[in-house]
Amino acid sequence: MENKNIRTKKLIQTALLAALCFVSFTFLQIKIPLPGGDASSLHIGNAFCVLASLYSEACMVD
């Protein structure tokens, strides 16, 4: 029973981190204008993806 609770907890944490990455990619971005009328964006979601992967790697060790 305890193994099932741990798996459920890891699934919920993964889903929350994925949702955080999605929201930050979609809404938390800094537009950078480029010459020629083009634009690029700096996404804060990149940092959350790296943190999520580091966190999940730490959980796998436990």
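1. Let's start with the nonpolar patch: helix α1 gives the most to it, with 3 residues. Keep in mind as you read on that you are looking at a predicted model. The patch sits on the surface and is formed by F22, V23, F27, L28, I30, I32, L34, L42 and I44. Together these residues have about 830 Å² of accessible area. The elements that give two or more residues to this patch are α1 (2-27) and β1 (29-33).

2. Take V23 as a sample member of the patch. You'll find V23 in helix α1. Is V23 buried, partly exposed or exposed? V23 counts as partly exposed because its relative accessibility is 40%, and the partly exposed class runs between 20% and 50%.

3. Now step along to S24, which also lies in helix α1. S24 counts as buried because its relative accessibility is just 1%, and buried means under 20%. So V23 is partly exposed, whereas S24 is buried. It's worth finding both of them in the structure above.

4. What does S24 touch, not counting residues up to four places away in sequence? The list is Q29, I44, G45 and F48. There is also a polar detail to look for: the side chain of S24 reaches the backbone oxygen of C21, at 3.0 Å.

5. I44 turned up in that list of S24 contacts, and I44 is also part of the nonpolar patch. Where is I44 placed? Look in the loop between β2 (39-43) and α2. I44 is partly exposed, because its relative accessible area is 33%. Leaving aside neighbours within four places in sequence, I44 is in contact with S24 and L28. Try one more distance here: the C-alpha atoms of I44 and F25 are separated by 6.5 Å, though these residues are 19 apart along the chain.

6. Over in strand β1 you can pick out P33. P33 is exposed because its relative accessible area is 69%, and exposed means over 50%. Setting aside the neighbours within four places in sequence, P33 is in contact with D38 and A39.

7. Time to zoom out to the whole chain. How many helices and strands does the protein chain have? There are 2 helices and 2 strands. Reading from the N terminus, the elements run α-β-β-α. Of the contacts between residues at least 6 apart in sequence, 34% join residues at least 24 apart.

8. What about burial and surface? The protein chain has 62 residues, and buried ones make up 8% of them; S24 is one of the residues that count as buried. The accessible surface of the chain comes to about 5,200 Å². Carbon and sulfur atoms account for 69% of that surface.

9. Last, a word on confidence. The chain averages a pLDDT of 81, and 89% of the residues score at least 70. Which elements have the lowest and the highest mean pLDDT? Helix α2 (residues 45-61) has the lowest, at 76, while β1 has the highest, at 86. Strand β1 is also where P33 is found, and β1 is one of the elements giving two or more residues to the nonpolar patch.

Terms used: Residues numbered from 1 in each chain as written. Predicted model: local features only at pLDDT ≥ 70, side-chain atom pairs only at ≥ 80, totals over all residues. Heavy atoms only, no water. Patch = residues over 30% accessible without salt bridge, like charges linked within 9 Å, V, L, I, M, F, W, Y side chains within 5 Å. Areas by Shrake-Rupley, 256 points an atom, 1.4 Å probe, with all protein chains shown as cover. Salt bridge = Lys/Arg side-chain N within 4 Å of Asp/Glu carboxyl O. Helix = DSSP H or I, 4+ residues; strand = E, 2+ residues; numbered from the N terminus. Buried < 20%, exposed > 50% of the residue type's maximum accessible area, 1.4 Å probe, protein only. Contact = heavy atoms within 4.5 Å. Polar contact = N/O pair within 3.5 Å; in protein donor to acceptor, adjacent residues only side chain to side chain. pLDDT = per-residue confidence, 0-100.
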